[in-house]
Amino acid sequence: MADQPTTPEPTEPTADLADDLPPHVLVLFGATGDLAKRKLFPAFYRLAASGLFPREFAVIGSGRHSPGTDEEFRAQVREVLADALGDEADADALDDLVGRVSFQTASADDGADLAAAVREAEERLGDGARRLLYLSVPPGAMDGMIRMLGREGLTDRARLVVEKPFGLDLASARDLDATLDEVIGEDQVFRIDHFLGKEAVQNILALRFANGLFEPAWDRHSVAQVQIDVPEELGLEGRGSFYESTGALRDMVSTHLSQLLGFVALEDPGAFDAGALRDAKAAVFRDLRPLDPSRAVLGQFEGYRDDEDVADDSDVETFVALEMHVDNERWRGVPFWLRTGKAMAQTRRTVTLRFREPDSHVFHGYPCPNELVLELTDDPRVQVDVRAKHPGPAMSLTHGALRLDLGEVDHTGHEGEDEAHHARPLEAYERLLLDVVRGDQTLFTRADEVERLWEVVQPLLDERPEVHPYPVGSWGPEAAADLPAGGWRLR
Ligand SMILES: NC(=O)C1=CN([C@@H]2O[C@H](COP(=O)(O)OP(=O)(O)OC[C@H]3O[C@@H](n4cnc5c(N)ncnc54)[C@H](OP(=O)(O)O)[C@@H]3O)[C@@H](O)[C@H]2O)C=CC1
Ligand SMILES: O=C1O[C@H](COP(=O)(O)O)[C@@H](O)[C@H](O)[C@H]1O
């Protein structure tokens with residue numbers, strides 16, 4: 001099988017897709033921020049260069065501080081794209097995108113000039129233009145910005161993308177949902193959790209529900225424990241003040257890791273659509289047991305407090321390891337171990353289902369693991385660690401692995417199949433932005449899911465355990481090393 005490039009090749013434009021989409025004005029709040037630079041502008045580029053975006057669109061960057069003239073902002077966007085895309089960037093496609101970009105300052109108190117700029121762009125683009133409003137701003141800024149959008153009439157004909165974390169606790173999440181409810185319809189709101197846009201995460205459902213092999217073993221009778229492990233090598237990357245206001249629990253656990261848990265633990269949704277999938281996840285979250293602070297370890301990497309935006313005595317956690325339980329018929333008694341942290345030994349996104357020992361006396365006590373491992377990183381992989389007979393005359397065991405590299409599965413399609421089968425893999429933000437433009441909320445989180453997750457996490461916000469220091473490049477504090485029976489798979 002041919003090697004897959006890690007960055008997707010632009011495909012030939014698919015005229016039928018783009019022609020179906022009305023003109024769009026994209027308004028990106030936080031356009032000079034980290035996420036916009038690293039992920040959102042590159043996603044706009046790839047979608048446009050692949051012909052997946054509407055043929056007619058304009059991008060208005062926004063924020064409280066001006067990056068200079070439009071020309072200066074365009075030069076910054078060009079530089080950001082060159083950095084992010086490297087050789088992948090096509091000069092004509094780059095010119096085309098950059099030519100559509102402008103900047104207009106706005107704040108929660110004043111959005112009049114922005115509203116005028118949006119209307120002007122709509123007139124240029126012609127009849128039927130829609131608005132895609134993207135709030136890539138910190139959680140504390142959301143409420144005011146949403147109210148401003150409502151006041152300025154910008155929510156008409158709009159879809160609104162709200163970045164995570166959605167609030168900072170249960171009370172602020174409820175306030176945020178109440179504001180959204182006042183200002184805009186729930187069918188226009190796209191709460192984005194980019195982990196759900198990762199191909200490999202969606203593959204959890206494909207593997208389980210499209211194969212007879214896995215589904216029968218997907219419960220407490222076969223699975224002894226589940227580990228959802230997302231260590232990151234990167235540290236603060238200039239996001240000290242963001243981290244001080246969130247910490248790893250809010251940044252990663254109440255969002256990405258819990259959503260992964262929802263994908264792993266859900267019942268058969270019956271369909272892959274917004275209603276069915278979100279109902280199935282919400283049901284899992286309703287059955288989640290609120291966190292027990294005595295079953296959680298928090299950590300902070302050594303040197304965190306040296307960052308200029310971090311308080312000298314900060315006890316914000318950059319590491320979390322904790323136990324979760326889904327108290328339902330399928331999962332009762334199975335611990336779900338979640339772990340994430342900054343400045344750790346490796347960058348991985350690994351979900352492990354550790355199986356029970358088989359009820360047989362033929363072979364016992366063989367130490368090697370018997371696990372299904374889902375690697376959700378850029379080179380997504382599924383691996384089943386099995387025990388097998390050691391070659392030779394003795395009846396002894398060794399271990400082996402069955403591996404499927406998901407980047408190498410056939411995506412060239414077969415005669416007679418529709419366009420979806422010929423598509424290249426999309427990066428998470430690309431996939432989700434396309435879903436917004438198409439109005440598909442399947443991979444976006446719903447208010448009830450978000451509020452329930454805050455209810456589950458709240459005990460740990462109310463009663464914070466001690467924060468243990470850990471060395472940069474390690475697997476976190478010693479206190480977390482042996483939490484799961486048999487230890488972490490990654491160590
Ligand atoms: N960076 C990442 O890897 C990821 C980030 N996210 C989420 O994306 C959002 C943005 O993150 P990131 O880009 O890293 O953050 P940054 O701090 O880099 O950028 C945030 C942007 O928001 C604007 N902003 C800051 N404070 C306010 C405020 N009070 N009111 C209005 N605008 C404000 C700033 O522009 P100005 O000062 O001009 O207003 C800035 O451009 C966050 O919600 C984060 O959780 C999600 C996934 C990954
Ligand atoms: O939302 C966030 O996610 C990133 C990790 O995303 P990934 O796609 O690189 O796995 C994390 O680094 C960041 O702190 C957080 O805000």
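Before we start clicking, one bit of vocabulary: Ala, Val, Leu, Ile, Met, Phe, Trp, Tyr, Cys and Pro count as nonpolar, Asp, Glu, Lys and Arg as charged, and the others, Gly among them, as polar. Also keep in mind that you're looking at a predicted model.

**Stop 1: ligand 1.** Select ligand 1 and show what surrounds it. You should find 20 residues, and the closest are Asp34, Arg38, Arg64, His65 and Lys164. Sorted by class, this shell holds 7 nonpolar, 7 polar and 6 charged residues. Now colour helix α2, residues 34-49: it supplies the largest share of the shell, 3 residues.

Next, zoom in on some polar contacts. A polar backbone atom of Lys164 sits 2.6 Å from an oxygen atom of ligand 1. For Val137, again with a polar backbone atom, the distance to a ligand oxygen is 3.0 Å. At Thr32, look at the side chain instead: an N or O atom there is 3.2 Å from an oxygen of the ligand. On its own, ligand 1 has 870 Å² of accessible area, and the protein covers 81% of that.

**Stop 2: ligand 2.** Keep Lys164 selected, since it is also among the residues around ligand 2, along with others including Phe195 and Met252. What classes make up this shell? Here you get 2 nonpolar, 2 polar and 7 charged residues.

Show the side chains of Glu232, His256 and Arg239. Each puts a polar atom by a ligand oxygen: Glu232 at 2.6 Å, His256 at 2.7 Å and Arg239 at 3.0 Å. The protein covers 87% of the 400 Å² that ligand 2 has accessible on its own.

**Stop 3: two helices.** Finally, select α3 (residues 70-85) and α4 (residues 91-99), whose axes come within 10 Å and cross at roughly 140 degrees. That angle is why α3 counts as oblique to α4. Their crossing is right-handed.

Notes:
Residues numbered from 1 in each chain as written. Chains lettered and ligands numbered in written order. Predicted model: local features only at pLDDT ≥ 70, side-chain atom pairs only at ≥ 80, totals over all residues. Heavy atoms only, no water. Near = heavy atom within 4 Å. Polar contact = N/O pair within 3.5 Å; in protein donor to acceptor, adjacent residues only side chain to side chain. Areas by Shrake-Rupley, 256 points an atom, 1.4 Å probe, with all protein chains shown as cover. Axes fitted to C-alpha atoms, helices over the stretch in contact; angles between N-to-C directions. Helix = DSSP H or I, 4+ residues; strand = E, 2+ residues; numbered from the N terminus. Parallel < 35°, antiparallel > 145°, perpendicular 65-115°, else oblique. Left-handed = near helix turned anticlockwise from the far one by under 90°.
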